[in-house]
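Trainee: I have the model open and some terms to check. Can we go through them one by one?
Mentor: Yes. Ask for the reason behind each label.

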Amino acid sequence: MLLVCGAIPDEDFPLTIGPAAFDGESLLLDGKALSCTQGTAALVGAACKVTAYLGAAAPRALLVGDRGTGKGSRSLYEYLIRNLPSISPRVLVLHYMLPVMGLMKRVVESSERCPRKPVLIADAAAMYAAKAAGLALRFDIFTPDHSEMAFLADPEASHPAYVSRHLFESNGAMIPKLALAAHRHGGAAKMLLVKGATDYIVEDGRVVGSVSAPEIPALEAIGGTGDTVTGILGAFIYAGYEFREAANLAARINRLSGLHAAATPFTKIRQIIAAIPAALEDCFRSNFITQQGPDVGDLS
Amino acid sequence: MVFGLKKKEQSEGGIILFNNVEEAITAERLLMSAGYEVRLVAPPPALRKGCDLAVEINLVEQTGIERLLAEKKAGYLEIVPVKGRGTLLGVVKVTDFGEAVMVKAGNMKLTFEKESGTVVNVSGGGCPDIPYLHAYLIGKKLTEVRRPKEYGYTLCSLMLDTAFIESLDIWKNNGGRS
């Protein structure tokens, strides 16, 4: 199972878990249509597109309404703490939620009680909580953007709003140094996919790959394009691809989706998600995807 | 670790400093009534100002906490992180896309159309108020919306507020259009 967890901006939406689908406009979960905007909804939508293309089971989403008060987020943490060992997902993606370090620690401990430890991926505020709580090395993958990479590299910061100015102002060429610094003080997961003008793939503090084409600067302005990268990545890992290849594919397919959607700063994220199958087709047709994953239908 | 905490308890990164004990107790009561998970602690010596009692908070919730204390007219000195720098990142970066301008503050980015001043995208961030703020702002003019910090709860919304104020300034000064 690929399980994606996060908050959506509807305070009245109860904690809900189930298989998700994307119909081109909305995210569908438990008979409800949710607006597919920036955040976890975009991540799940992107993952749906990739799993559908690969013939894998749809991702399961654990979503809760939270407009920022943290009430919904806390119920999500508590659910995971209680139920993760019995759910035992193969891949667990933690995303938009109020960062609460103490609760994140208990979620990680709960994941380690699963019969088989899930692949742990964190983005957004789940990544903030994991780093600030000193849990980064217990995660397999973080997917920061440039400013979040500066946050991971700052050993003192507990949120990107308090990152050191000189780290925030560093340019993209500094990413390898920031990644190494983060790794050395325990602020980075084992792998990083750093999203930016050039996407960097980092393993144990060392850059092992990068993707910079096609170059589509407008993607940075479009809310949710970082979320879709993480969703695509999670889906490929769930389908059995190696981490490094999955990261490479995620970065490339997100860019190609922007190309197919003719992305401008005015583009909405659902348009990017709708273009993912065309981007996947490009990759397969050009034999860029060289290694098919295992029989994804058998994955649990 | 914050003084006064038991070793196994996880600090959530921030404390509120007060002029006197009465302020601290009042703030703790107000915040707990509003659903915040807070507790009275002794501030670390390096951060100590005013009285010897502080309220430990989840630093990420700074925006909502500041707004609540202001609404209730509850006094306090300041909110500070337990570790690291005590000041919020105030730097912004501006990118011109031709028809639109993107303003980046910390981990948040706001993009508006030059011609109309309409917010066309909000990206970045990770706290749960951001998707709501995104939905609220998109399609509206900068001059016709409330500031993100007036209805956000987290540090991400505070960064978005910084980007919003800079965007408004650029728009009002015709900076993006000429």
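Trainee: What makes the contact of Arg48(B) and Asp52(B) a salt bridge?
Mentor: This is a predicted model, so the distance is computed. The closest N to O distance between the two side chains is 3.7 Å. The cut-off is within 4 Å, so the pair counts as a salt bridge.

Trainee: Why is Arg48(B) called partly exposed?
Mentor: Its relative accessibility is 36%. Buried needs under 20% and exposed needs over 50%, so a value in between is called partly exposed.

Trainee: How many salt bridges does the whole structure have?
Mentor: The search finds 20 over all chains.

Trainee: How do you know that Lys104(B) and Glu220(A) form one of them?
Mentor: Their side chains meet at 3.8 Å, N to O. That is within 4 Å, so the label holds. This pair crosses between chains, with Lys104(B) in strand β6 of chain B and Glu220(A) in the loop between β11 (206–211) and α8 of chain A.

Trainee: And what makes Lys109(B) a salt-bridge partner of Glu220(A)?
Mentor: The closest N and O atoms are 3.6 Å apart. Again the limit is 4 Å, so the pair qualifies. Here too the pair crosses between chains, starting from strand β7 (residues 108–113) of chain B.

Trainee: Lys104(B), Lys109(B) and Glu220(A): which are buried and which partly exposed?
Mentor: Lys104(B) has 8% relative accessibility, so it is buried. Lys109(B) has 6%, so it is buried too. Glu220(A) has 34%, so it is partly exposed. The dividing value for buried is under 20%.

Trainee: Which residues make up the network around Glu220(A)?
Mentor: Salt bridges link Asp145(A), Glu220(A), Lys104(B) and Lys109(B).

Trainee: Where do Glu220(A) and Lys109(B) sit relative to the largest pocket?
Mentor: The pocket has a volume of about 880 Å³. Of its 42 lining residues, those closest to its centre include Glu220(A) and Lys109(B). Lys195(A), Gly196(A) and Ala197(A) are the others in that closest group. Elements of chain A and chain B give residues to the lining. Helix α8(A) gives the most, with four residues.

Trainee: What is the mix of residue classes in that pocket lining?
Mentor: There are 15 nonpolar, 15 polar and 12 charged residues.

Trainee: What makes the other space a cavity, not a pocket?
Mentor: A probe of 1.4 Å fits in a cavity but cannot get out, whereas a pocket is open. One cavity of 30 Å³ or more is counted. The largest has a volume of about 60 Å³. Its lining has seven nonpolar, three polar and one charged residues. Both chains take part, with Tyr128(A) and Glu12(B) among the lining residues.

Trainee: Which element gives the most to the cavity lining?
Mentor: Helix α4 (residues 124–132) of chain A, with three residues.

Trainee: Why is α4(A) called largely enclosed?
Mentor: Nine of its nine residues are buried, so the rest of the structure largely encloses the helix. Lys131(A) is among the buried residues. Just after the helix, Gly134(A) takes a positive phi of about 75°.

Trainee: How do you know that Leu40(B) can belong to a surface patch?
Mentor: Patch residues need over 30% relative accessible area. Leu40(B) has 32%, so it passes and counts as partly exposed. Leu40(B) lies in strand β2 (residues 39–41) of chain B. With Val21(B) and Ile25(B), it forms a nonpolar patch of about 220 Å² accessible area together.

Methods
Residues numbered from 1 in each chain as written. Chains lettered and ligands numbered in written order. Predicted model: local features only at pLDDT ≥ 70, side-chain atom pairs only at ≥ 80, totals over all residues. Heavy atoms only, no water. Patch = residues over 30% accessible without salt bridge, like charges linked within 9 Å, V, L, I, M, F, W, Y side chains within 5 Å. Areas by Shrake-Rupley, 256 points an atom, 1.4 Å probe, with all protein chains shown as cover. Helix = DSSP H or I, 4+ residues; strand = E, 2+ residues; numbered from the N terminus. Buried < 20%, exposed > 50% of the residue type's maximum accessible area, 1.4 Å probe, protein only. 1 Å grid on protein atoms, 1.4 Å probe; cavity = no way out; pocket = protein on both sides within 12 Å on 5 of 7 lines; lining within 4 Å. Points joined across faces, edges and corners; volume = space filled by probe spheres on them. Nonpolar A, V, L, I, M, F, W, Y, C, P; charged D, E, K, R; others polar.
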